Amino acid sequence: MKPSLPRDDRCACLSSLASGFAVLCWLCSGPVATATDALEPIGVSMESRMRGGADVAVGDSALSQISNPATLSLHPSRKFDVSGQLLMPRVKWDSPVDSATSEGMHPLVNLGIALPQNDRLTIGLALHSKCGMGTDYRIRHLLIPFMDRGAGCDMKNASLSLNAAYRVTDKLSVGLGVRGEYLTTKFSAVVGPVDLEFERGQTYGGGFNLGLHYQATDRLAFGMAYRSPTWFGDLS
């Protein structure tokens, strides 16, 4: 005799297999990111990305200081965290005489370290790759269709911040950070018979971060943070 499952168990098993197959198809069918904070991806640490970017009131990573410097006070011992992303944008360009697709890879790396000085004061250092985007085409222009010329753009933006958090009470912490930032970009275009190309330029800037963290209960916490604009110099 061949063993067999009761009818209800067989139905439940088939339903589970169908649900699993549907979830697998859904996961494999999402080719693009559906949410970003402008050019900056939502979420810095792996933990915050799994929460949809929420990190201001959580602070379970040394990278959380980028979102809220006050969360440094939540680490009783030294902590080091690293995370990374690989952006692979795919952009299509069309014209009356040609079409092209740009593909590329843009790695983003984040590093964070928390260093408690005593029961009240914690300092931290964080490197944040804020964004990296670019395109690269080989195109023909309407006026000179027999020539294949390059056009595209590229931008990279990263910051280095020094932060400090002070535990005012057992539940309330305040944070302050200063931030240095670097931006570089280049671009080129085809305008009629002219190749227009700007060589790579770069600029430096700075800003500051403020934060509050309040642990109301063991399960409930409130956070508030402010990141200033970055004041850059001229793009050389």
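In which sense do strand E7 and strand E8 pair, and over how many bridges? In this predicted model, strand E7 (residues 172-191) and strand E8 (residues 194-215) pair in the antiparallel sense, and 19 bridges join them. E8 also pairs with strand E9 and is joined to strand E10. The briefing then turns to the nonpolar core, the cavities and two serines.

**Strand pairing around E8**

- Within the pairing of E7 with E8, phenylalanine 187 stands opposite phenylalanine 198 in E8.
- Strand E9 (residues 221-227) is antiparallel to E8, with seven bridges between the two.
- In that pairing, alanine 221 in E9 has glutamine 215 opposite.
- The connection from E8 to E9 is a hairpin of five residues.
- Strand E10 (residues 231-232) runs antiparallel to E8 and is joined to E8 by two bridges.
- Here phenylalanine 232 in E10 faces glycine 205, which stands opposite.

**Nonpolar core**

- The largest nonpolar core has five residues: Ala100, Tyr137, Ile139, Ala151 and Val190.
- Isoleucine 139, a member of that core, is in contact with Ala100, Ala151 and Val190, among others, when neighbours within four places in sequence are left aside.
- On the same basis, the contacts of isoleucine 139 also include Trp93, Asp98, Met147, Asp148 and Arg149.

**Largest cavity**

- Two cavities of 30 Å³ or more are counted in the model.
- The largest cavity holds about 60 Å³ of space.
- Its lining consists of Ile66, His128, Lys130, Ser159, Ser161, Arg179, Asn209 and Arg227.
- By class, one lining residue of the largest cavity is nonpolar, four are polar and three are charged.
- Strand E5 (121-139) and strand E6 (149-167) each contribute at least two residues to the lining of the largest cavity.

**Second largest cavity**

- The second largest cavity holds about 40 Å³ of space.
- Glu40, Pro41, Gly43, Val44, Arg49, Gln85, Leu108, Asn110, His128, Ser129 and Lys130 form its lining.
- The classes in the lining of the second largest cavity are three nonpolar, five polar and three charged residues.
- Strand E4 (106-116) and E5 each provide at least two residues of the lining of the second largest cavity.
- E5 gives the largest share of this lining, with three residues.
- His128 and Lys130 appear in the lining of the largest cavity and also in the lining of the second largest cavity.

**Serine 159**

- Serine 159 is in strand E6 and lines the largest cavity.
- Serine 159 counts as buried because its relative accessible area is 5%, under the 20% cut-off.
- Apart from neighbours within four places in sequence, serine 159 is in contact with Ala126, Leu127, His128, Lys130, Arg179, Gly180 and Glu181.
- Of these contacts, His128, Lys130 and Arg179 are also lining residues of the largest cavity.

**Serine 99**

- Serine 99 is in strand E3 (residues 99-103).
- Serine 99 counts as partly exposed because its relative accessible area is 39%, which lies between the 20% and 50% cut-offs.
- With neighbours within four places in sequence left aside, serine 99 is in contact with Trp93 and Asp94.
- Trp93 is also among the contacts of isoleucine 139.
- Serine 99 and arginine 138 lie 39 residues apart in sequence, and their C-alpha atoms are 8.9 Å apart in space.

Definitions and conventions:
Residues numbered from 1 in each chain as written. Predicted model: local features only at pLDDT ≥ 70, side-chain atom pairs only at ≥ 80, totals over all residues. Heavy atoms only, no water. Pairing = 2+ DSSP bridges. Helix = DSSP H or I, 4+ residues; strand = E, 2+ residues; numbered from the N terminus. Core = buried A, V, L, I, M, F, W, Y, C linked by side-chain atoms within 4.5 Å. Buried < 20%, exposed > 50% of the residue type's maximum accessible area, 1.4 Å probe, protein only. Contact = heavy atoms within 4.5 Å. 1 Å grid on protein atoms, 1.4 Å probe; cavity = no way out; pocket = protein on both sides within 12 Å on 5 of 7 lines; lining within 4 Å. Points joined across faces, edges and corners; volume = space filled by probe spheres on them. Nonpolar A, V, L, I, M, F, W, Y, C, P; charged D, E, K, R; others polar.
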